[in-house]
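The following paragraphs offer a guided reading of a protein model. Please keep the sequence and the structure in view while reading.

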Amino acid sequence: MQFSESLKNNQQFRFVYKNGRSYANKYFIMYVKENGLDKNRIGISVSKKVGNSVVRHRITRLVRESYRLHESVFNSGLDMVIIARPAAASIGYEEAESALLHLAKLHHLIKIYFYQN
């Protein structure tokens, strides 16, 4: 991730939960809060309700890779927390990418030129 960092501790996640806006779709819930920095910070949360550790890590890798490949079209200066829902246990890369971009569009996080293509 060239322009992004990870949200590391519980306090950072809780701040975004409490003060951010949220939108959801079938697979993910996304909380977003402006952070006042030049870069984005992203946190991914996958609970045990979704599946065992293999499934949870797979979903985390799918979300991280989807974000990494589309990082340049996201606006900067945001804290994002992405929470996986149990339906995400069986999705592939294309569905994860589509769901992530859908939530970004709902939050108006994608730069304008991306819409025109």
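Is glutamate 65 buried, partly exposed or exposed, judged by its relative accessibility? In this predicted model, glutamate 65 has a relative accessibility of 30% and therefore counts as partly exposed, since that class lies between the limits of 20% and 50%. Its side chain meets that of arginine 68 in a salt bridge, with 2.7 Å from N to O. Both residues belong to helix α2, where they stand 3 residues apart, about one turn of the helix. Arginine 68, at 40% relative accessibility, also counts as partly exposed.

Helix α2, which covers residues 53-69, also holds arginine 64. Arginine 64 is partly exposed, with a relative accessible area of 39%. Together with Lys8, Arg58 and Arg61, Arg64 forms a positive surface patch.

The salt bridge within the helix is one of 3 in the model. Another joins the side chains of glutamate 5 and lysine 39, again with 2.7 Å from N to O. This pair links distant parts of the chain: glutamate 5 lies in strand β1 (residues 4-6), lysine 39 lies in the loop between β3 and β4, and 34 residues separate them in sequence. Glutamate 5 is partly exposed at 35%, and lysine 39 is partly exposed at 31%.

A further salt bridge, of 2.8 Å from N to O, is made by the side chains of arginine 41 and aspartate 79. Arginine 41 belongs to strand β4 and aspartate 79 to strand β5 (residues 78-84), so this pair ties together parts that are 38 residues apart in sequence. Arginine 41 counts as buried because its relative accessibility of 18% is under the limit of 20%. Aspartate 79, at 3%, counts as buried as well.

Aspartate 79 has a further partner in asparagine 35, for a polar contact of 2.9 Å joins their side chains. Asparagine 35 is found in the loop between β3 (28-34) and β4 (40-45), and its relative accessible area of 18% makes it buried. A polar atom of the asparagine 35 side chain also lies 3.1 Å from the backbone oxygen of lysine 39. Asparagine 35 thus has contacts both with aspartate 79 and with lysine 39.

One last position completes this reading. Isoleucine 110 occupies the loop between α3 (93-106) and α4 (112-115). Isoleucine 110 is buried, with a relative accessible area of 4%. Its C-alpha atom is separated by 9.0 Å from that of serine 72, although the two residues are 38 residues apart along the chain.

How values were computed. Residues numbered from 1 in each chain as written. Predicted model: local features only at pLDDT ≥ 70, side-chain atom pairs only at ≥ 80, totals over all residues. Heavy atoms only, no water. Patch = residues over 30% accessible without salt bridge, like charges linked within 9 Å, V, L, I, M, F, W, Y side chains within 5 Å. Areas by Shrake-Rupley, 256 points an atom, 1.4 Å probe, with all protein chains shown as cover. Salt bridge = Lys/Arg side-chain N within 4 Å of Asp/Glu carboxyl O. Lys, Arg positive; Asp, Glu negative; His and termini not counted. Charge placed at Lys NZ, Arg CZ, Asp CG, Glu CD. Helix = DSSP H or I, 4+ residues; strand = E, 2+ residues; numbered from the N terminus. Buried < 20%, exposed > 50% of the residue type's maximum accessible area, 1.4 Å probe, protein only. Polar contact = N/O pair within 3.5 Å; in protein donor to acceptor, adjacent residues only side chain to side chain.
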